[in-house]
Amino acid sequence: MTARVLDGKAIAEEIQSELAEELVNFIQDSGFVPCLAAVLVGEDAASQVYVRNKRRVCQHVGIDSKLHSLPADTSEDELLELIASLNRDNTVHGILVQLPLPDGISTVRVLDAVHPFKDVDAFHAENVGRISQGRPRFLPCTPHGIQQLLSRSGLPVAGKHAVVVGRSDIVGKPLALMLAQRDSTRGPEAANATVTICHSRTHDLPAVTRTADVLVAAIGKASFITAEMVKPGAVVVDVGINRCEDGLVGDVDFAAVSEVAGAITPVPGGVGPLTVAMLMYNTLKAAKLSI
Ligand SMILES: NC(=O)c1ccc[n+]([C@@H]2O[C@H](COP(=O)([O-])OP(=O)(O)OC[C@H]3O[C@@H](n4cnc5c(N)ncnc54)[C@H](OP(=O)(O)O)[C@@H]3O)[C@@H](O)[C@H]2O)c1
């Protein structure tokens with residue numbers, strides 16, 4: 001079998017076009033342009049690329065963006081002061097703090113300082129709690145992007161066994177919660193899965209992953225998911241971004257798994273573009289909440 005390759009880039013462009021149209025109407029009706037403030041601390045090369053890319057897509061869809069670039073030796077208090085001023089600023093609707101933050105700064109304290117109505121990454125405890133209760137304000141961008149990608153590719157998850165490898169607060173945990181809910185932004189067929197979460201202490205991981213109808217890899221280890229770990233015909237979503245000598249590589253051995261899976265996302269060009277598209281979605285939502 002050769003798997004169908006799910007084109008995340010094309011689906012992200014489709015979502016961005018829909019958002020661009022909605023933005024034109026929103027700006028006409030409200031009289032203001034939604035604005036995303038990006039906060040970047042330090043010189044991390046990958047973070048700089050991510051922020052640049054997010055701002056480029058902002059411009060593409062019609063969202064304003066401001067960059068607050070701080071030196072690596074910024075103190076936690078200085079960063080919290082900036083966040084507080086962005087919370088107060090009525091011209092800023094979404095605040096994005098690019099992770100990772102330098103050592104010595106508490107990520108939890110900083111993310112909790114972002115006003116929950118401007119929390120376009122959906123990392124604030126209040127927004128996470130709302131997701132778990134099935135009444136989200138914002139959805140985290142990568143999990144929401146995965147849900148959009150599957151749904152828009154005609155791959156329902158309702159009633160399926162979804163195995164999520166990875167339990168981070170950014171991807172694995174919220175995605176598992178969202179897939180198990182009764183409903184989603186794409187309707188009940190994009191939710192209602194039976195979900196298993198795996199992590200580094202999971203016993204006999206291949207035995208678990210082989211039971212997955214939908215297998216999501218969010219691990220951070222290059223080509224970790226091999227063909228032997230995949231049930232024939234399964235849908236495989238590769239969230240991983242690993243920088244190797246050959247360039248960007250996912251958490252899935254793409255060539256080998258493509259011979260077994262029914263559908264698979266590539267890296268790059270799979271989940272990544274969806275993450276940025278859903279950040280735009282959240283920024284528009286934050287602007288709507290500000291009225
Ligand atoms: N495409 C995108 O837009 C996007 C967005 C976010 C992240 N990413 C990428 O996705 C990957 C994961 O990111 P993350 O932030 O979720 O990573 P993370 O916080 O490092 O979490 C990794 C997870 O993988 C689990 N894990 C590690 N080794 C394992 C093993 N041998 N067997 C089973 N589970 C194992 C860990 O288990 P423990 O909890 O037990 O340690 C942890 O839960 C990274 O490559 C990241 O760059 C991509």
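Right after helix α1 comes G31, a residue with a positive phi, near 85°. Helices here are DSSP runs of H or I with at least four residues, strands are runs of E with at least two, and both are numbered from the N terminus. The model is a predicted one, so to speak of local features takes a pLDDT of at least 70, side-chain atom pairs count only at pLDDT 80 or more, and totals for chains, interfaces and linings use all residues. Residues are numbered from 1 along each chain as its sequence is written, and side-chain values use heavy atoms, with hydrogens and water left out.

Back to α1 itself, which covers residues 8-30. With 23 residues at 1.5 Å a residue, α1 should span 33 Å, and its end C-alpha atoms sit 31 Å apart, which agrees; the expected span is 1.5 Å times one less than the number of residues. At the start of this helix, a side-chain oxygen of D7 comes within 3.2 Å of the backbone nitrogen of K9. That is a polar contact, meaning a pair of N or O atoms within 3.5 Å; within protein, one must be able to donate a hydrogen and the other to accept it, and residues adjacent in sequence count only if both atoms are side-chain atoms.

Which residues of α1 are buried? They are G8, I11, A12, I15, Q16, L19, L23 and F26, where buried means under 20% relative accessible area, exposed over 50% and partly exposed in between (1.4 Å probe, protein chains only). These buried residues pack against α2 (45-61), α6 (141-152) and α10, with contact taken as heavy atoms within 4.5 Å.

Helix α10 (residues 271-289) turns up again around the ligand, where it supplies the largest share of the shell, three residues. In total, 21 residues surround the ligand, and the closest are R167, S168, S200, I241 and T275; a residue is near if one of its heavy atoms lies within 4 Å. By class, the shell holds nine nonpolar, 10 polar and two charged residues. As for polar atoms, the side chain of S168 has an N or O atom 2.5 Å from a ligand oxygen, and the side chain of K221 has one 3.1 Å from a ligand nitrogen. I241 joins in with a backbone N or O atom, 3.0 Å from an oxygen of the ligand.

Elsewhere, P71 lies in the loop between β3 (64-70) and α3 (76-88). Its relative accessibility is 45%, so P71 counts as partly exposed.

Key:
Nonpolar A, V, L, I, M, F, W, Y, C, P; charged D, E, K, R; others polar.
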